[in-house]
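Please work through the exercises below with the sequence and the model side by side, and try each task before reading its solution.

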Amino acid sequence: QSPRLMDYGCGTGLCSLPLAGRCSSVMGVDSSAEMLAQLEAKARAAGLGRVTTRRHDLTVKPLDGLEFDVILCAMTLHHMREVGALLGRFHSLLSPGGLLAIADLDKEDGSFHQDSRGVEHHGFRRDWIREQLEAAGFTEVDIETAHEIEKPGASGRTVRFPVFLATARQPGRAR
């Protein structure tokens, strides 16, 4: 059976839209109405009726009554103040055996964002992310380098910012 996917901090659907054809449903969740409008337009243009959107902040309020088989969260976690609480909300939304996939920055010196408004963390130590995932109840935690973002630094030289991919499972039998 095709998975039910939630993309948290989905923006315009860069991660979730390419996966939509493999999913029974996709819910893009973001706090930005403008980003969600772009995602909706892209989904309509591609004929992807299984894509829905919701303007919501899980750090403020849970999404009651919903369950997903996969939750994606790409380059969003470093904008969240209460990471542990958010991971707990993800845990409560996943079906037994469900998969959480988080891509975000390794710990950095703050130079990734030129404007740090809305940035709560300058990346993360991988051991800390592992601890937070396990404390939230996840198992089978795996963290590896997924990508490197190259940006010009203050000196004009290219700076590389590693992006990790952390995957973890909701314990239980897969649906």
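The exercises go from the whole chain to single residues.

This is a predicted model, in which local features need pLDDT of at least 70 and side-chain atom pairs count only at pLDDT 80 or more, while totals for chains, interfaces and linings use all residues. Residues are numbered from 1 along each chain as its sequence is written, and side-chain values use heavy atoms, with hydrogens and water left out.

**Exercise 1. The fold in outline**

Task: Determine how many helices and strands the protein chain has, and in what order they run.

Solution: Begin with the DSSP runs, where helices are H or I runs of at least four residues and strands are E runs of at least two, each numbered from the N terminus. On that basis the protein chain has three helices and seven strands. Reading from the N terminus, the order of the elements is β-β-α-β-β-α-β-α-β-β.

**Exercise 2. Overall dimensions, burial and charge**

Task: Compare the radius of gyration of the protein chain with that of a compact globule, and then describe its box, burial, contacts, surface and charges.

Solution: First, the radius of gyration is taken over C-alpha atoms, and the globule rule is 2.2 Å times the number of residues to the power 0.38. For 175 residues the rule gives a value near 16 Å, and the protein chain has 16 Å, which agrees. Along the principal axes, the C-alpha atoms fill a box of roughly 50 × 40 × 30 Å.

Next, turn to burial, where buried means under 20% relative accessible area, exposed means over 50%, and partly exposed lies in between (1.4 Å probe, protein chains only). Of the 175 residues, 43% count as buried. A contact means heavy atoms within 4.5 Å; among the contacts with a separation of 6 or more, 66% are between residues 24 or more positions apart.

Then take the accessible surface, computed by the Shrake-Rupley method with a 1.4 Å probe, which comes to about 9,500 Å², with 49% of it belonging to carbon and sulfur atoms. Finally, count Lys and Arg as positive and Asp and Glu as negative, leaving out His and the chain ends, and place each charge at NZ of Lys, CZ of Arg, CG of Asp or CD of Glu. The mean positions of the 21 positive and 23 negative charges are then 5 Å apart.

**Exercise 3. Cysteines**

Task: Explain why Cys 15 and Cys 73 are not bonded to each other, and locate Cys 23.

Solution: A disulfide is a covalent bond between the sulfur atoms of two cysteines. The criterion used here is a pair of cysteine sulfur atoms within 2.5 Å, and the structure holds zero disulfides. The cysteine sulfur closest to that of Cys 15 is in Cys 73, and because the distance is 9.6 Å, it is too far for a bond. The two residues can also be described by accessibility: Cys 15 is partly exposed at 33%, whereas Cys 73 is buried at 1%.

Cys 23 lies in the loop between strand 1 (4-8) and strand 2 (25-30), and is buried with a relative accessible area of 6%. Leaving aside neighbours within four places in sequence, Cys 23 is in contact with Ser 2, Pro 3, Leu 5 and Arg 50. Of these, Leu 5 is 18 residues away in sequence and 6.7 Å away in space, C-alpha to C-alpha.

**Exercise 4. Positive phi angles**

Task: Where do Met 75 and Glu 140 lie, and is each buried, partly exposed or exposed?

Solution: Met 75 sits in the loop between strand 4 (68-74) and helix 2 (83-93), has a positive phi near 55° without being a glycine, and is partly exposed at 26%. Glu 140, in strand 6 (residues 139-152), likewise is not a glycine and has a positive phi of about 50°; with a relative accessible area of 60%, Glu 140 is exposed.

**Exercise 5. A buried loop residue**

Task: Describe the surroundings of Phe 124.

Solution: Start with its place, which is the loop between strand 5 (94-105) and helix 3. Phe 124 is buried, at 3% relative accessible area. Not counting residues up to four places away in sequence, Phe 124 touches several residues, including Leu 77, His 78, Val 83, Ile 129 and Phe 164. Val 159, by comparison, is 35 residues from Phe 124 in sequence and 17 Å from it in space, C-alpha to C-alpha.
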